[in-house]
Each structure stands twice: as C-alpha cells, then as structure tokens.
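Q: I should like to learn how the features of a protein model are read. May we go through one together?

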Amino acid sequence: DHTSCIKCPAGTAVNYYRDGCQICDRGEFSYEGSGLCADCPFGTYSSNDHTSCIKCPAGTKVNYYRDGCQICDKGEFSYEGSDFCSDCPLGTYSSNNHTSCTKCPAGTKVNKNMDGCEICPEGTFSNESSSFCSDCPVGTYSSENHTYCIKCPAGTRLYNNNCVACEKGTFSKEGSIKCSECPFGTYSFLNSSKCLSCPPGS
C-alpha cells in the first residue's frame, strides 16, 4: 500500500526495484538499513549471514570466493588477516602451520616439499639458511656434518669423499686428487708426501 518504508535487515541490501531486499554477495556485508552491500576489507571474508567480516587466521588467506579461508601452500606463510600468502625467503621453509618460516641449519638445505630440511649429499656443504648445497672444491671432502670441506693431507689422495694413502713409489701434496709417480732415481714408502733419492750405487 506504499504507506511506509521498511529497513532491510543486516546482511542484505535494497534490490534494484526498491521493493524488497536481496542478500549480499560473497565477500560483502551490510548493516541493518543499509542501502547497499560493502566489500569486506582485505584479509577478511563475509560471515554466513553477511552481517560482518571475519579475519583469516595466520597461516591462511582469503579464498577466491571471499567466503572463507584456505591454507597457505608449501613454502608459504601468512599473518592474521592476510589477503594472500607470501613465499618463505630462500633457505627457509614454512613451519608452525604456515605461520612462520624456519632457517635450515648449516650442512642441510630446504627439501623439495619446502616443509623441512635435508642433509647435504657427500662431497657437498652448506651454510645456515642455504637453499642448495655447494660442491666441495677439488681435492677436498665434506666434513661429517657437511658444514665445511677438508683437504686431504699430504701422502694421500681423494677417493669417494675419503682420503686414501698413496702407494709405494708415489707421493702427493696436501689437497691432491691423485698420487704422482716418483721421478726416476727416487723412491717412496706408503703414504709418502715426498720421494727420497736412492743411495749411490743402488
């Protein structure tokens, strides 16, 4: 009878024809008597009844439809009320339900799943917060904890990430990958760092 005007309840807005109310869309909200629905602020989604907006907890982000939250992917993190998830810095992985990033200790690297650390392979090493393991320089091998590289001592050579003794008639200097034959007229014992001259008449 058009004798009065009626307020639209919270979560709705006046429709196009101004003869009723319509529910707010996903990601929108309204108060009682609102003429229109407003977008929820970044990092929030609309409640089921569209009367308020809710912050997404840390480790999640607002979903595509802006009506809920979704967990961050592997290797990502977020703070409370985030509209998106951020990549963890290089050398770190997502932890604590994607709420923070953790450094990998020296001798390890971030694993492929971006959710933990793995030990460096033999013959490689890494520093703290490394996203990869580096090859040891020629003539060195990785320490037990893979945090640094060690030169093979004189009289040995590197073989399969271990130092092995030079055979008789050969020698080596520190950090060698092979043992060299003694020059003519000289000799050496096992594990020698130099060759000795043969005595006269021998």
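The dialogue below takes up disulfides, a pocket, aromatic rings and backbone angles in turn.

Q: What kind of model is this?

A: It is a predicted model.

Q: What is a disulfide, and how many does the count come to here?

A: A disulfide is a covalent bond between the sulfur atoms of two cysteines. In this structure the count comes to 12 disulfides.

Q: How far apart are the sulfur atoms of C88 and C101, and where in the chain do the two cysteines lie?

A: The sulfur atoms of C88 and C101 are 2.0 Å apart, and the two form a disulfide. C88 is in the loop between strand 10 (86–87) and strand 11 (92–95), while C101 is in strand 12 (residues 100–103). The pair is 13 residues apart and links distant parts of the chain.

Q: Why is the disulfide of C88 and C101 called left-handed or right-handed?

A: The handedness is read from the torsion about the S-S bond. For C88 and C101 this torsion is about -80 degrees, so the disulfide is left-handed.

Q: Are C88 and C101 buried, or are they exposed to some degree?

A: Relative accessibility gives the reading, and a residue under 20% is called buried. C88 has 8% and therefore counts as buried, whereas C101, at 26%, counts as partly exposed.

Q: Where do C152 and C163 lie, and what is the handedness of their link?

A: C152 and C163 form a disulfide with their sulfur atoms 2.1 Å apart. C152 is in the loop between strand 18 (149–151) and strand 19 (156–159), and C163 is in strand 20 (residues 162–165), 11 residues apart. The torsion about their S-S bond is -95 degrees, and the link is left-handed. C152 is buried, with a relative accessible area of 0%, while C163 counts as partly exposed at 28%.

Q: What can be said of C166 and C179?

A: C166 and C179 form a disulfide, with 2.0 Å between their sulfur atoms. C166 is in the loop between strand 20 and strand 21 (170–171), and C179 is in the loop between strand 21 and strand 22 (180–181). With -85 degrees about the S-S bond, the link is left-handed. C166 is buried, its relative accessible area being 0%.

Q: Why is the sulfur of C5 without a bond to the closest cysteine sulfur?

A: The test is one of distance, since a disulfide requires sulfur atoms within 2.5 Å. The closest cysteine sulfur to that of C5 is in C8, 11 Å away, which is too far for a bond. C5 counts as exposed, at 82% relative accessibility. C198 is likewise in no disulfide, the nearest cysteine sulfur being that of C182, 9.0 Å away. C198 counts as partly exposed, at 37%.

Q: How is empty space found, and how much lies in the largest pocket?

A: Rolling a probe the size of a water molecule over the atoms shows where empty space is left. Here, about 380 Å³ of space lies in the largest pocket. Of the 13 residues that line this pocket, the closest to its centre are C5, I6, R18, D19 and G20. By class, the lining has 5 nonpolar, 4 polar and 4 charged residues.

Q: How many aromatic pairs does the structure hold, and why is the pair of Y187 and F189 edge-to-face?

A: The structure holds 5 aromatic pairs. One of them joins Y16 and Y17, edge-to-face, at 5.2 Å centre to centre and with 90 degrees between the planes. Y16 counts as exposed at 73%, and Y17 is exposed at 65%. The rings of Y187 and F189 have their centres 5.7 Å apart and their planes at 85 degrees, so this pair too is edge-to-face. Y187 counts as partly exposed at 31%, and F189 is exposed at 51%.

Q: Which residue lies over the face of Y65?

A: R26 does, at 4.5 Å from the ring centre of Y65.

Q: Where are R18 and M114, and what phi does each have?

A: R18 is in the loop between strand 1 (12–14) and strand 2 (21–23). R18 is not a glycine, yet its phi is positive, about 60 degrees. R18 counts as exposed, at 67% relative accessibility. M114 is in the loop between strand 13 (108–110) and strand 14 (117–119). M114 also has a positive phi of about 60 degrees although it is not a glycine, and it counts as partly exposed at 29%.

Conventions
Residues numbered from 1 in each chain as written. Predicted model: local features only at pLDDT ≥ 70, side-chain atom pairs only at ≥ 80, totals over all residues. Heavy atoms only, no water. Helix = DSSP H or I, 4+ residues; strand = E, 2+ residues; numbered from the N terminus. Buried < 20%, exposed > 50% of the residue type's maximum accessible area, 1.4 Å probe, protein only. 1 Å grid on protein atoms, 1.4 Å probe; cavity = no way out; pocket = protein on both sides within 12 Å on 5 of 7 lines; lining within 4 Å. Points joined across faces, edges and corners; volume = space filled by probe spheres on them. Nonpolar A, V, L, I, M, F, W, Y, C, P; charged D, E, K, R; others polar. Phe/Tyr/Trp six-rings, centres within 6.5 Å; stacked < 30°, edge-to-face > 60°. Lys NZ or Arg CZ within 6 Å of the ring centre and 35° of its normal.
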